Amino acid sequence: MEKVLCVDDDLSLLRLYEDELTEEGYEVILAKDGKEALAKFEKETPQVVVMDIRMPVMDGIEALTTLLGKDRQVPVILNTAYPQYKENFMTWGAEAYVVKSSDLTELKQKIREVLGKRKK
Amino acid sequence: MILAGGKGERLYPLTQDRAKPAVPFGGIYRIIDFTLSNCLNSGIRRVNLLTQYKSLSLNRHIMQGWNIFNAELDEFINLIPAQQRVGEDWYLGTADAIYQNIYVLQIDRPDLILILSGDHVYKMNYTDMIEHHLQKKADLTVGVIEMNKSLSRQLGVLQVDEEFRILGFEEKPEVPKTIPGYPDLILANMGIYVFNTEMLVRRVIEDAKDPNSQHDFGRNIIPAMTGNDRLFAYSFQDENKKTAKYWRDIGTLEAYFEASMDLVSIDPLFNLYDPDWPIRTYYPPTPPAKTVFYEAQPQKRVGCTYNSLISAGCIISGGEVFRSILSPGVRIHSYAEVSDSILMDSVDIGRHARVRRAIIDKGVKIPEGYQIGVNPEEDAAKFTVSASGIVVIPKGTILA
């Protein structure tokens with residue numbers, strides 16, 4: 001089963017991701033900030049990471065950069081309410097962007113895309 | 001962004017304790033001074049110097065000699081060591097050095113980035129190249145120099161059309177693509193790049209994610225961009241103003257020796273004396289050079305130099321020097337004879353010693369009566385001797 005690591009400081013959103021993505025057939029791992037995400041990444045080696053940007057302890061940009069340093073090929077989907085991050089080249093190492101929403105259709109679509117590309 | 005992490009393996013033992021850009025050249029300079037002077041003379045005063053290998057000597061030189069930029073005017077020279085901010089690797093290649101420092105670009109977000117190597121000796125006005133880049137509305141402009149095609153196996157060769165649009169790149173090809181209309185000439189990559197910042201960042205990130213890449217601008221980034229982006233070659237316009245364009249990668253002991261000896265010739269290929277193109281360096285406060293003794297009796301004892309570069313602080317005391325480069329603080333004692341040699345800072349040549357075709361690194365003391373470059377077998381047993389017989393005596397050598 002493919003593993004998805006979801007990183008967000010909003011716990012209710014994490015629950016939502018867990019429910020919906022489990023239903024899609026993924027194994028879902030949760031982390032509440034960048035630092036926890038790095039620890040879980042090491043331990044669980046997920047195939048894709050869904051990353052919020054504004055978080056306490058360690059933000060998503062720093063976590064993204066650090067993650068890419070450990071594994072440059074890992075696909076990271078940035079999941080943010082702030083579209084300006086698309087213009088920020090510190091985040092260009094990410095595979096994709098999704099504007100944060102409680103409707104997960106787009107996010108699910110991107111996860112499928114990214115995993116599909118990876119298999120090729 | 002100046003890449004100044006070159007190891008200079010083939011300059012060993014001159015690079016035993018220093019990176020290639022920190023290797024002394026021309027008596028008072030370091031190799032990096034030529035690139036930095038080009039920046040200064042081109043009006044470029046925002047400089048990041050990326051270092052990673054044996055950088056102490058280079059850092060010290062920059063702090064001492066190049067701490068001249070004014071922060072109030074938004075000028076800077078930053079020394080940036082490999083920091084392992086991104087992962088645990090050192091720089092894997094030229095493109096990776098930029099990738100690992102994207103955060104530096106984030107701070108200033110310039111429109112254009114000039115990427116240079118700190119390894120070469122030449123005079124160039126980068127502003128002309130930048131203007132060319134803007135005029136052509138290029139994404140990337142690569143600095144090139146025309147070379148004879150017989151040299152292709154030592155160079156990165158660019159293939160261009162009539163308008164100098166880049167069609168391809170080959171590293172050290174056996175059979176190179178020549179310049180349209182000039183079947184004997186090739187365009188060699190000088191490692192000088194003007195990039196639109198956004199394009200640079202996108203391309204180095206893509207490259208970083210490619211597990212098969214060597215993360216090199218020439219080998220990987222240019223080929224990946226060819227056909228997709230607007231790439232132009234810019235023919236190097238030499239500020240040295242001699243018949244032949246001067247651009248040297250002083251990468252081997254032979255090349256180092258040859259380029260140094262050029263400087264002491266009557267009409268050197270590389271002119272250090274052009275007031276319109278000053279070359280800056282760190283020059284410690286030192287007294288003037290001095291010669292002493294002019295005695296015919298009882299034994300000829302004359303302090304004299306011929307066809308040489310003599311830096312400040314040298315004392316030529318009763319010995320003779322021919323066709324040599326003397327860095328600051330060199331002492332030549334009575335009856336000694338030095339010819340065709342490079343003596344770095346504070347080298348001391350004892351009485352009656354003979355030195356021929358040698359490079360003597362900083363602070364080495366040559367004892368009384370010692371001979372270097374006279375007996376090839378003896379030299380080979382004790383020192384590094386280059387293919388053409390140049391003896392190199394590294395820093396810290398103690399001779400008895």
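This note goes through one cavity and three residues of a predicted model.

1. On enclosed space, the count comes to two cavities of 30 Å³ or more. The second largest cavity, taken up here, has a volume of about 40 Å³, and its lining is made up of P24(B), F25(B), G26(B), G27(B), Y256(B), S260(B), I325(B), S327(B), I342(B) and M344(B). Two elements of chain B, β2 (24–25) and α8 (253–263), give two or more residues to this lining.

2. As to the character of that lining, the residues around the second largest cavity divide into six nonpolar and four polar, with no charged residue in the division. A reader who wishes to check this in the model may look at P24(B), F25(B) and Y256(B), which are among the lining residues.

3. In chain A, D8(A) is found in the loop between β1 (3–7) and α1 (11–23). Is this residue buried or exposed? D8(A) counts as buried because its relative accessibility is 0%, where the cut-off for buried is under 20%. The side chain of D8(A) is joined to that of K100(A) by a polar contact of 3.0 Å. When neighbours within four places in sequence are left aside, D8(A) is in contact with L13(A), L14(A), Y17(A), A31(A), K32(A), D52(A), M55(A), N79(A) and K100(A), so that K100(A) appears both in this list and as the partner in the polar contact.

4. In chain B, S339(B) has its place in strand β23, which covers residues 337–339. With a relative accessibility of 7%, S339(B) counts as buried. Which residues does S339(B) touch, not counting those up to four places away in sequence? They are F322(B), R323(B) and S324(B), together with V355(B), R356(B) and R357(B).

5. T384(B), also a residue of chain B, lies in strand β30 (residues 384–385). T384(B) is described as partly exposed because its relative accessible area is 30%, a value to be read against the limits of under 20% for buried and over 50% for exposed. Residues up to four places away in sequence not being counted, T384(B) touches Y12(B), P13(B), L253(B), I390(B), V391(B) and V392(B). As for distance along and across the chain, T384(B) and L3(B) are 381 residues apart in sequence, and their C-alpha atoms are separated by 28 Å.

Conventions
Residues numbered from 1 in each chain as written. Chains lettered and ligands numbered in written order. Predicted model: local features only at pLDDT ≥ 70, side-chain atom pairs only at ≥ 80, totals over all residues. Heavy atoms only, no water. 1 Å grid on protein atoms, 1.4 Å probe; cavity = no way out; pocket = protein on both sides within 12 Å on 5 of 7 lines; lining within 4 Å. Points joined across faces, edges and corners; volume = space filled by probe spheres on them. Helix = DSSP H or I, 4+ residues; strand = E, 2+ residues; numbered from the N terminus. Nonpolar A, V, L, I, M, F, W, Y, C, P; charged D, E, K, R; others polar. Buried < 20%, exposed > 50% of the residue type's maximum accessible area, 1.4 Å probe, protein only. Contact = heavy atoms within 4.5 Å. Polar contact = N/O pair within 3.5 Å; in protein donor to acceptor, adjacent residues only side chain to side chain.
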